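Reader: I have a structure on my screen and would like to talk through some of its charged pairs. Could you take me through them?

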Amino acid sequence: MKEGDKMHKFMRTVGFSMYQKKQDMAKLLKRLAKEAEMTGRLAEQEGSRFCELRTEVAPGMGVAMIGEMNPKGTFSREYYFPYVKNPDVSSEAECSIQRHTERETYAGLLDEYRVGISLIFYMENSMEYRMRRKARQPVQPKGAALTGLAVQGKVLLPVNKTEKQAEDSRQAAQKRSSLLEAAKHGDEDAIETLTIEDIDLYSQISRRAMKEDLYSIIDSCFMPCGVECDQYSIIGEIKEVEKIRNIYTKEEIYRMKIESHDLEFMVCINSRDLLGEPQPGRRFKGQIWMQGTLNLVPYKAGPMDQKR
């Protein structure tokens, strides 16, 4: 899927589901640009400024447009994307930043042991990162607030668990995270333990799948989906849910806090695209495009740096 097509697809998540044609979307973006606030700009080149404009369409949700602003104040858009802000930090795992090939946007890569994979997300505050680099300010990522944008999903009933079973699951997840971290650093005992646990788990699932519904066995799920590296298929428990409204189209959007594999993040979906009534305690199942806001703190020189 081309980058522009993906952005067009996920505009319905923030309440623009009626804009199906490219020419209609272009008119909408032109209107939003006129009402936008400039949230970042790079140094001027030949009188033009490369800048970022953002228009909020609901609290913490909107459309970012990046391009050049000429001296007369005319904005020429290069690319855009819908965004949703998460006020809470989802992960403090070690994170690296990689530039996308097509344009100067960036992806974050989290070594998140709780989900058992390297979690890749579209960096929502790429302009902030570019401005810091332009000013030669070294930064280091410290914490990521994650948000998933979905274009379809459904609500599942919860798995019936006692408090002891829920606590046992949490402790097992924490133990597995520790083993995965140890295995990454070459601990042979941890690698062997994980291998044995995976074999036992496969055996248990195979037996249960013969007489139980699949979604009563799989409590939560977090796995890459399709060819896009920042899209995931998830199943997670709904912890909080809020319904908000796009001020332009009046379309309603569900904003939910989801917990999957002990990782908490926000998921947004247009109410038209969600099957079922979301409530805390129930589960959400769907495919998401993962965004993230990185907390970029100034780099602190260590003893080795001070000696140089």
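Author: Happily; what follows is a short set of questions and answers about salt bridges and one further residue, and please keep in mind that this is a predicted model.

Reader: How many salt bridges does the structure hold?

Author: A pair counts when a side-chain nitrogen of Lys or Arg is within 4 Å of a carboxyl oxygen of Asp or Glu. By that cut-off, the number of salt bridges in the structure is 16.

Reader: Let's start with a helix. Which residue forms a salt bridge with Arg132?

Author: The partner sits in helix 3 (residues 126-134) along with Arg132, and because the two are four residues apart there, about one helical turn separates them. The partner is partly exposed, with a relative accessible area of 31%. The closest N and O atoms are 3.3 Å apart, and the residue that pairs with Arg132 is Glu128.

Reader: Now the strands. How many residues apart in sequence are the parts that Arg255 and Glu242 tie together?

Author: These two residues form a salt bridge whose closest N and O atoms are 3.1 Å apart. Arg255 belongs to strand 11 (residues 252-260) and Glu242 to strand 10 (residues 231-245), so the pair ties together parts whose separation in sequence is 13 residues.

Reader: Is Arg255 buried or exposed?

Author: Its partner Glu242 has 40% relative accessibility and counts as partly exposed. For Arg255 the relative accessible area is 12%. Since buried means under 20%, Arg255 is buried.

Reader: What is the relative accessible area of Arg245, the residue that forms a salt bridge with Glu252?

Author: The closest N and O atoms of Arg245 and Glu252 are 3.1 Å apart. Glu252 is partly exposed, at 26% relative accessibility. Arg245 is partly exposed too, with a relative accessible area of 44%.

Reader: Which residues are linked with Glu52 in a network of salt bridges?

Author: The network brings in both Arg and Lys side chains as well as a Glu. Linked with Glu52 are Arg54, Lys85 and Glu124.

Reader: One last residue, Met123. What is its relative accessible area?

Author: Met123 is found in strand 7 (residues 117-123). Leaving aside neighbours within four places in sequence, Met123 is in contact with several residues, including Ile97, Tyr106, Tyr129 and Leu294. Met123 is buried, and its relative accessible area is 0%.

Definitions and conventions: Residues numbered from 1 in each chain as written. Predicted model: local features only at pLDDT ≥ 70, side-chain atom pairs only at ≥ 80, totals over all residues. Heavy atoms only, no water. Buried < 20%, exposed > 50% of the residue type's maximum accessible area, 1.4 Å probe, protein only. Contact = heavy atoms within 4.5 Å.
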